[in-house]
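Hello,

Here is the structure we talked about handing over. My notes on it come after the file.

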Amino acid sequence: MREIAATWMRGGTSKCWVFRRDDLHVPDLSVDEVLLRIYGSPDHRQIDGVGGGTSTTSKAVILAPSATSGVDVEYTFAQVGIEEAKVDWGSNCGNCSAVVASFAIREGWVRTGTPETAVRVLNTNTDQLIVQRVPTPGGVLDEDPSEAIPGVPFLGAPVRMGFVDPAGRSTGRLFPTGHQRDVLSEAVGGVTVTLIDAGAPVVAANAADFGVRGGEDIAELDTVPGLLARLDAVRREAGVLMGLAPTQESVARAVPKLALVSAPDPAGEEGSDLTVRMLSMGRFHPAVPVTGSVALTLAADAPGTVVHDLVPAGRPATGLRLGTPAGRVSTFAEEHHGVPVVGVVRTYRRLAHGSVVLPDPPLLPSASA
């Protein structure tokens, strides 16, 4: 057996195991095989591994110091399959990104010395630079819980995350098809969508086109007959249009993400600009993925998009207030030296530190499982 150093952390509304990149290099095994066995996949319970049995708790953060000019840390995100023996490397997770700066500082990869330290993080999945700012009074990382975010019942340590020039990181264009709106085939109902690539590739669709209000509880939406299957069909057709895969069958489970959007619900979260229910690995997300919120922020500022049509007229273009199942999530939009930066404030917490145990082969589940 092999023990691999790992730190278990909450980042935003997700939980992830954090690894140093070199520690996952195991002779005769791919990183995918190592992660699947550590997490206990494929198994819907992940009973023989450290996975949590949900999309928001079956995630890995893989880090290394960077030798690239202008970058402090390289960060790769892995969405570990639960019932499938597959690791998805196609996108970033903005919530899990929240753990990177503090981990890098504790590892000694980034120097501190001012009341606030900026850590320049390159996400290798999307080639996205994220500037993360954490409090370091007296040059010491402050992890005291002082900030609250929707979807987390306790306070956490804050990190301000700005996605630098996020448009087109996966496909090369903010609107991969060249249009603010696309009409899909009659096979999926001929719905009108906005396909946008910022933070992550996202399909934005009006909830009313699917026979729902858009502000329902996610447990209710999950049980609407045929809804999840139809949304996945829409997502897969859109993924091909965005150039993310050659066929609908080969579209990754994690990308593109899909957001059902609707006008602010007067009876819902006060002060929201947009109501959103977003899919994550085939189910509705309990809050909203950070990368998805970045895409929706830019879509809201682009006339002609499905999102722009739903937000209040005259809204300041300084961010977006999203009504989510967990409460209101606010983004910010600003410019630094002429470059757009879109982001959010998240919180994080270290949960445990030690090692995870990789058993000897065989890697496949037993016949009696």
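The notes below cover one residue and then one group of strands.

Please keep in mind that this is a predicted model.

Ser 14

Ser 14 belongs to strand β2, which spans residues 14-20. Its relative accessibility is 1%, so Ser 14 counts as buried, the cut-off for that class being under 20%. The side chain of Ser 14 has a polar contact, at 3.0 Å, with the side chain of Lys 59. Lys 59 also appears in the list of residues in contact with Ser 14 once neighbours within four places in sequence are left aside. The others in that list are Met 9, Thr 56, Cys 93, Asn 95 and Cys 96.

Strand β11 and its partners

Strand β11 covers residues 200-206, and 6 of its 7 residues are buried, so the strand is largely enclosed by the rest of the structure. Which strands pair with β11, and in what sense? Strand β10 (residues 192-198) pairs with β11 in the antiparallel sense, over 6 bridges. In this pairing Val 193 is opposite Ala 205 of β11. The two strands form a hairpin with 1 residue between them. Gly 199, in the turn, has a positive phi of about 80°.

The pairing of β11 with strand β12 (residues 257-262) is parallel and runs over 5 bridges. Here Ala 204 is opposite Ala 259 in β12. β11 therefore has an antiparallel pairing with β10 and a parallel pairing with β12, and the strand is largely enclosed because 6 of its 7 residues are buried.

Regards

Conventions
Residues numbered from 1 in each chain as written. Predicted model: local features only at pLDDT ≥ 70, side-chain atom pairs only at ≥ 80, totals over all residues. Heavy atoms only, no water. Helix = DSSP H or I, 4+ residues; strand = E, 2+ residues; numbered from the N terminus. Buried < 20%, exposed > 50% of the residue type's maximum accessible area, 1.4 Å probe, protein only. Polar contact = N/O pair within 3.5 Å; in protein donor to acceptor, adjacent residues only side chain to side chain. Contact = heavy atoms within 4.5 Å. Pairing = 2+ DSSP bridges.
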